Amino acid sequence: MDKKQIMIFLSMLLCFKSIACLTFASQLIEKTLDNDSRFYLFNFKFVNNSDKKIKILSVENSCSCIVADLNKKIYSPMETGVIEGRFMWSGEGYYERKITV
């Protein structure tokens, strides 16, 4: 049986003491999928570990094969959130994609 391998990275700006900070549970997803699958649903969970509200300005995808977004943009201190997405492909092979917050 043929397989597909995908790797989805989450990249973000560095956190400094003077600005708000998001802490992600994971920043990398690696999966091997059957060729029968045409899409893969994923998520990146996070928490605002600062003492200030933060606003996420954008979630940018590295290609049109990924659709990822937030359900809201502003997070209070210690509030959790999730970036949910869908990776779609055709054909076999190794895929490496990036999402930038």
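**Exercise 1. Locate Arg-86 in this predicted model, state how accessible it is, and describe its surroundings.**

Solution.

Step 1. Arg-86 belongs to strand 9 of the predicted model.

Step 2. Its relative accessibility is 35%. Buried residues lie under 20% and exposed ones over 50%, so Arg-86 counts as partly exposed.

Step 3. Setting aside residues within four places in sequence, the contacts of Arg-86 are Phe-39, Tyr-40, Leu-41, Phe-42, Cys-65, Ile-66 and Val-67.

Step 4. Two of these partners can be described further. The charged end of Arg-86 is placed over the ring of Phe-39, at 4.0 Å from the ring centre. Phe-42 is 44 residues away from Arg-86 along the chain, yet their C-alpha atoms are separated by 6.2 Å.

**Exercise 2. Describe the secondary structure of the chain and state where confidence is lowest and highest.**

Solution.

Step 1. The chain has ten strands and zero helices. Read from the N terminus, the order of elements is therefore β-β-β-β-β-β-β-β-β-β.

Step 2. The mean pLDDT of the chain is 78, and 78% of its residues reach 70 or more.

Step 3. Confidence is lowest in strand 1 (residues 3–11), with a mean of 60, and highest in strand 8 (residues 74–75), with 93.

Step 4. Residues 13–19 have a pLDDT below 50, and this stretch has five contacts in the model beyond near neighbours in sequence. Where pLDDT is low, the predicted coordinates should not be read in detail.

Step 5. Of the contacts between residues at least 6 apart in sequence, 68% join residues at least 24 apart.

**Exercise 3. Determine whether Asn-48 is buried or exposed, and find the polar partners of its side chain.**

Solution.

Step 1. Asn-48 is part of strand 4 (residues 39–48).

Step 2. The relative accessibility of Asn-48 is 0%, so this residue counts as buried.

Step 3. A polar atom of the Asn-48 side chain lies 2.9 Å from the backbone oxygen of Lys-52. A polar atom of that side chain also lies 3.0 Å from the backbone oxygen of Tyr-75.

Step 4. The side chain of Ser-50 makes a polar contact with the side chain of Asn-48, at 2.7 Å. Ser-50 is situated in the loop between strand 4 and strand 5 (54–55). With 14% relative accessibility, Ser-50 counts as buried. The Ser-50 side chain also reaches the backbone oxygen of Lys-52, at 2.8 Å.

Step 5. Beyond four places in sequence, Asn-48 touches several residues, among them Cys-21, Leu-22, Tyr-75 and Met-78.

**Exercise 4. Identify the residues of the aromatic cluster and classify the ring pairs of Phe-46 with Phe-24 and with Tyr-75.**

Solution.

Step 1. The count of aromatic pairs comes to three. For Phe-24 and Phe-46, the ring centres are 5.3 Å apart and the planes stand at 45°, so the pair is tilted.

Step 2. Phe-24 is in strand 2 (residues 22–24) and Phe-46 is in strand 4, so this pair ties together parts that are 22 residues apart in sequence.

Step 3. Phe-24 is buried, with a relative accessible area of 9%. Phe-46 likewise counts as buried, at 3% relative accessibility.

Step 4. The rings of Phe-46 and Tyr-75 have centres 5.0 Å apart and planes at 75°; the angle is over 60°, so the pair is edge-to-face. This pair links distant parts of the chain, with Phe-46 in strand 4 and Tyr-75 in strand 8, 29 residues apart.

Step 5. Phe-24, Phe-46 and Tyr-75 thus form one aromatic cluster. Lys-72 lies over the face of Tyr-75, at 5.2 Å from the ring centre.

**Exercise 5. Describe the largest nonpolar core and state which strand supplies its largest share.**

Solution.

Step 1. The largest nonpolar core has 22 residues. Phe-42, Phe-46, Ile-56 and Ile-83 have the most contacts inside it.

Step 2. At least two core residues come from each of strand 2, strand 3 (28–34), strand 4, strand 7 (66–69), strand 9 (80–88) and strand 10 (93–100). The largest share, four residues, is supplied by strand 4.

Step 3. Phe-46 has contacts beyond four places in sequence that include Ile-56, Leu-70, Val-82 and Ile-83.

Step 4. Across the 101 residues of the chain, 34% count as buried.

Methods:
Residues numbered from 1 in each chain as written. Predicted model: local features only at pLDDT ≥ 70, side-chain atom pairs only at ≥ 80, totals over all residues. Heavy atoms only, no water. pLDDT = per-residue confidence, 0-100. Contact = heavy atoms within 4.5 Å. Buried < 20%, exposed > 50% of the residue type's maximum accessible area, 1.4 Å probe, protein only. Polar contact = N/O pair within 3.5 Å; in protein donor to acceptor, adjacent residues only side chain to side chain. Phe/Tyr/Trp six-rings, centres within 6.5 Å; stacked < 30°, edge-to-face > 60°. Lys NZ or Arg CZ within 6 Å of the ring centre and 35° of its normal. Core = buried A, V, L, I, M, F, W, Y, C linked by side-chain atoms within 4.5 Å.
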